[in-house]
There are 2 protein chains.
Amino acid sequence: MEYFPAPLERLVEQFARLPGIGGKSAQRLAFHVLSLTDQEAREFAEAILQAKELVTCCPVCQNLTGGGLCPICASSKRDAATICVVADPRDVAAMERAREYNGRYHVLHGVISPMNHVGPDDLQIRSLVDRVAQGGVEEVIMATNPDTEGEATAMYLARLLRPFGVKVTRLAYGIPVGGHLEFADDATLLRALEGRRELL
Amino acid sequence: MEYFPAPLERLVEQFARLPGIGGKSAQRLAFHVLSLTDQEAREFAEAILQAKELVTCCPVCQNLTGGGLCPICASSKRDAATICVVADPRDVAAMERAREYNGRYHVLHGVISPMNHVGPDDLQIRSLVDRVAQGGVEEVIMATNPDTEGEATAMYLARLLRPFGVKVTRLAYGIPVGGHLEFADDATLLRALEGRRELL
């Protein structure tokens, strides 16, 4: 038996399908929507439709864009000879926040993961190889996550790109800034030791 | 600076306005919407608009309804001589789940709360008094929450309804079923003792 009117039940169901939203949270969110003004509810619905409709992938780097080339690929100020390969559009945002990198990106939209049935053909790997094959690229920086799947994907791509004679690099491992040595795991400490640099 | 396309940023903002959804969660939800099919995204947007448009308050009991009288007020099987007063439509759902109550409801849409600037005129109190004044009501059960504001609201209503000669009752206090005496607070234990009943 349903205790709420059908349109409200349907909205609760929609919220409950979102990741990390349980039944009780979905109910709270649906009730919140009822408390919005008509204008606010329209804006919310409109935002869902527009994000879905207007956000596409950049034909060059596969990052999300509001249409056509993404701002980074379109910018003549960004170094086209360097490509930073990341798994997810959110990783581009993280790199950009660091305000250090001035090259371009390539978004794989995932990592190779046999456990989850994700193979190289399910990712934007062909388009990366095509970009490198066209020439003009000097360095490809692998910035996939430092976990097993991210590592394996980086290694796979490095081998794939070697024939083109480009430099393939990997982000440095080490202790995170602001972290505590005491809480660093063995693998991280080992990598931090291996990668130590001379001071002064 | 924005790192995501504008339509995506707008959707993140919309999610971030929901109660209990922080910035990171809003981002995750917005990316989830991008992964929906067009059809699913349309259904989501549609559910928001329809809930807002079609869900209204029952003109009699003020509970939420898909239009017109709510199913409980419309049902001739429900005892019209008993009104259970609750603060929120979700409390009606909780009572209905217990499958014991066969009377009707009245939803106040809040409780009197001077701290939050909610006075009697901000609640559905006038409509409750009108219902009782029309006659035919024998008992009004106060089922507001057992906290300070719920108590105060119940007392206020009891005084307001006394002139009409109806019986005004309050839900029983006591130890919750399945609870542990050991963890019960003093106030609850005191009420449970006061309300003790003879066995057999």
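Modeller: Before we start on this predicted model, one definition: a crossing is called left-handed if the near helix is turned anticlockwise from the far one by less than a right angle, and right-handed if clockwise.

Colleague: OK, so which hand does the crossing of α3(A) and α1(B) have?

Modeller: The crossing in which α3(A) passes α1(B) is left-handed, and the axes of these helices, residues 38-54 of chain A and residues 6-16 of chain B, come within 8 Å and cross at roughly 140°.

Colleague: Which residues meet there?

Modeller: From α3(A) the residues include Phe44(A), Ala47(A), Ile48(A), Ala51(A) and Leu54(A), along with Glu40(A), Glu43(A) and Gln50(A), and from α1(B) they are Pro7(B), Arg10(B), Leu11(B), Gln14(B) and Phe15(B). By class, this contact of α3(A) with α1(B) divides into eight nonpolar, two polar and three charged residues.

Colleague: Switching to the whole interface, how much do chain B and chain A bury between them?

Modeller: Chain B and chain A bury about 4,500 Å² between them, with 74% of that on carbon and sulfur atoms, and the contact takes 50 residues from chain B and 49 residues from chain A.

Colleague: And how many salt bridges across it?

Modeller: The rule finds zero salt bridges across the interface of chain B and chain A, although eight residue pairs are in polar contact, counting pairs with both residues at pLDDT 80 or more.

Colleague: Which element gives the most to chain B's side?

Modeller: That is α3(B), which gives 14 residues to the side of chain B that touches chain A, a side made up of 28 nonpolar, eight polar and 14 charged residues.

Notes:
Residues numbered from 1 in each chain as written. Chains lettered and ligands numbered in written order. Predicted model: local features only at pLDDT ≥ 70, side-chain atom pairs only at ≥ 80, totals over all residues. Heavy atoms only, no water. Axes fitted to C-alpha atoms, helices over the stretch in contact; angles between N-to-C directions. Helix = DSSP H or I, 4+ residues; strand = E, 2+ residues; numbered from the N terminus. Contact = heavy atoms within 4.5 Å. Nonpolar A, V, L, I, M, F, W, Y, C, P; charged D, E, K, R; others polar. Buried area = accessible area lost by both parts, 1.4 Å probe. Salt bridge = Lys/Arg side-chain N within 4 Å of Asp/Glu carboxyl O. Polar contact = N/O pair within 3.5 Å; in protein donor to acceptor, adjacent residues only side chain to side chain.
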